[in-house]
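Q: I have a new structure open in front of me and would like to learn how to read it. Could we go through some features together?

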Amino acid sequence: MHIPYIHFNLKKTHQAELEIIDLSEVNRRNHTTHTPSQPHRVTFFMLIFIEQGSGYHWVDFKQHSFKAGSVIFVQREQVHAFDFSKNPQGKILMFTQAFLDKVHDNMRLPSYTPTHLNNLYSPLLTLDVNNQSRTRSLLNEMQTELQCHDADPLIVMYLFSALSLLHRRLKRVAEVDNLSPSQSRMLSKFMALLQVNFERVRDANWYANQLATTYKTLNRVTKIATSLTAKQMIDSYTIIEIKRRLVVSKVTTQQIALDFGFEDPSNFVKYFKKETNMTPSLFRNHHSQMS
C-alpha cells in the first residue's frame, strides 16, 4: 500500500498558510494524488469539526469514533484517513507550522507540542452544545475574514488563538504549557534531531549531547511538553515510524529490523512487542485490511 504525502497548497491560499474548507467539499472533490478515505500523511496541522453525522476517523493506526460536536486534531506528519460512509458535515481547518510561528511572534499562544507521542493522548474532543456554537462562530468568523478583499492576517490570528485556547481548556488529557521560549526551542531542535536520527540512535544521552545540554534538562523539557521522558519520546516516535513502515512497505520484518539498526531480528521483535504487546507480523496482518 502506498501512503501519499499531502502538502499544504500555498498557491491556493495566496500564501496565507491557513485554509478552512467544508468537509463535504473534500468528499466531493476529484482527487488526483490521493483518496481522502485511504491513509495519507500530511505535512500540516488539521482540525476537523463535525457538525452533523457520525463515523470513524483513522489516525496513526487507531480508529476514533466521532459524532456531531466532535473535534479531531491531526498533527503534522501523522497518517490519517476520513470516513465519509455516513456523509458527515462540518469544517476542516488546515494550517502550517509557518502560520503557528507567525501567531507566536504576534501573541502569546501555547506551542503545539508532540503530545500524540503519549499513548494517553486522544486526538478526539467532544464539545457540548455551547462550545459547539462557539467553535462554529469562530470558524465562520475566520472564514469570513479570509474571504475579505482586505483581509487582516492579525484578525485571523486572534480568532485562531481564541479557538485554540478554548479547545485546549476543554481537553481532558492534561497538556502542560509552561515551556519557556528557550525550552520550546530545545524541544523543537530535539524533534528535528529525532526525525533525522531515529533509525540509528535511541539513546537519550546522545540527543542531549547534540543539544549541548544534560539528560536531566532534556528530560525536564519533554516531561513538561508531553508527560514523557526523553527516552519514552524516542521510543514512541520510533514505534510509530516502524508501524508506518510495516503497513506501507512490502519488505520483510527482517529488513525493517536492519533498517532500524537491529542486527538480530529477534531483538527487533522483542523491542516492538515490549512497546505494543504485539509482534511486528501480527501488527502488519491486523492492519492489512487498510490496504
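Q: Let me begin with strand E4: how many of its residues are buried?
A: Happy to help, and please keep in mind that this is a predicted model. To judge burial, we compare the relative accessible area of each residue with a cut-off: under 20% counts as buried. Strand E4 covers residues 45-52, and 6 of its 8 residues are buried, so the strand is mostly covered.

Q: Which strand pairs with E4 over 7 bridges, and in which sense, parallel or antiparallel?
A: That is strand E9, residues 89-95, and the pairing is antiparallel. To follow the pairing by eye, start from Phe-45, whose bridge partner in E9 is Phe-95.

Q: How many bridges join E4 to strand E7?
A: There are 4 bridges between E4 and E7, the latter made of residues 70-74, and these two strands also run antiparallel. Here you can look for Leu-47, which has Phe-73 as its bridge partner in E7. A general idea helps when you look along a strand: in a regular strand the side chains alternate between the two faces of the sheet.

Q: What should I look at in the hairpin of E5 and E6?
A: Begin with the pairing: E5 and E6 run antiparallel and are joined by 5 bridges. Tyr-56 has Ser-65 in E6 as its bridge partner. Then look at the turn, where 2 residues lie between the strands and Asp-60 takes a positive phi near 45 degrees.

Q: With which residue does Asp-60 meet in a salt bridge?
A: The side chain of Asp-60 meets that of Arg-244, with a distance of 2.8 Å from N to O. This pair links distant parts of the chain, 184 residues apart: Asp-60 is in the loop between strand E5 (55-59) and strand E6 (62-66), while Arg-244 is in helix H8.

Q: Are Asp-60 and Arg-244 buried or exposed?
A: Here the cut-off does the work again, since buried means under 20% relative accessible area. Asp-60 has 9% relative accessibility, so Asp-60 counts as buried. Arg-244 has 7%, and therefore Arg-244 counts as buried too.

Q: What else surrounds Arg-244?
A: Helix H8, where you find Arg-244, spans residues 230-248. Within that helix region, look for a polar contact of 2.8 Å between the side chains of Arg-244 and Glu-241. If we leave aside neighbours within four places in sequence, Arg-244 is in contact with Arg-41, Asp-60, Phe-61, Glu-77, Gln-78, Val-79 and Ser-249.

Q: Which residues are linked with Arg-244 in a network of salt bridges?
A: The network holds Arg-41, Asp-60, Glu-77 and Glu-241 along with Arg-244. Try showing these side chains together.

Q: How many salt bridges are there by this rule?
A: The count comes to 8. One of them joins Arg-136 and Glu-51, whose closest N and O atoms are 2.7 Å apart. This pair links distant parts of the chain, with Arg-136 in helix H3 (residues 129-147) and Glu-51 in strand E4, 85 residues apart. Arg-136 has a relative accessible area of 29%, so Arg-136 is partly exposed. Glu-51 is at 23% and therefore counts as partly exposed as well.

Q: What does Glu-199 meet in a salt bridge?
A: Glu-199 meets Arg-245, side chain to side chain, at 2.6 Å from N to O. Glu-199 is in the loop between helix H5 (181-197) and helix H6 (204-210), and Arg-245 is in helix H8, 46 residues apart. Glu-199 counts as partly exposed because its relative accessibility is 28%. Arg-245 is partly exposed, with 23%.

Q: How do I read the packing of helix H2 and helix H4?
A: Two packed helices are described by the angle between their axes and the distance between the axes. For H2 (residues 97-106) and H4 (residues 153-170), the angle is about 90 degrees and the axes are 10 Å apart. H2 and H4 are therefore roughly perpendicular to each other. Among the residues that meet are Phe-99 and Leu-100 in H2, and Met-157 and Phe-160 in H4.

Q: How many helices and strands are in the chain?
A: The chain has 11 helices and 10 strands. Of its 291 residues, 51% count as buried.

Notes
Residues numbered from 1 in each chain as written. Predicted model: local features only at pLDDT ≥ 70, side-chain atom pairs only at ≥ 80, totals over all residues. Heavy atoms only, no water. Buried < 20%, exposed > 50% of the residue type's maximum accessible area, 1.4 Å probe, protein only. Pairing = 2+ DSSP bridges. Polar contact = N/O pair within 3.5 Å; in protein donor to acceptor, adjacent residues only side chain to side chain. Contact = heavy atoms within 4.5 Å. Salt bridge = Lys/Arg side-chain N within 4 Å of Asp/Glu carboxyl O. Axes fitted to C-alpha atoms, helices over the stretch in contact; angles between N-to-C directions. Parallel < 35°, antiparallel > 145°, perpendicular 65-115°, else oblique.
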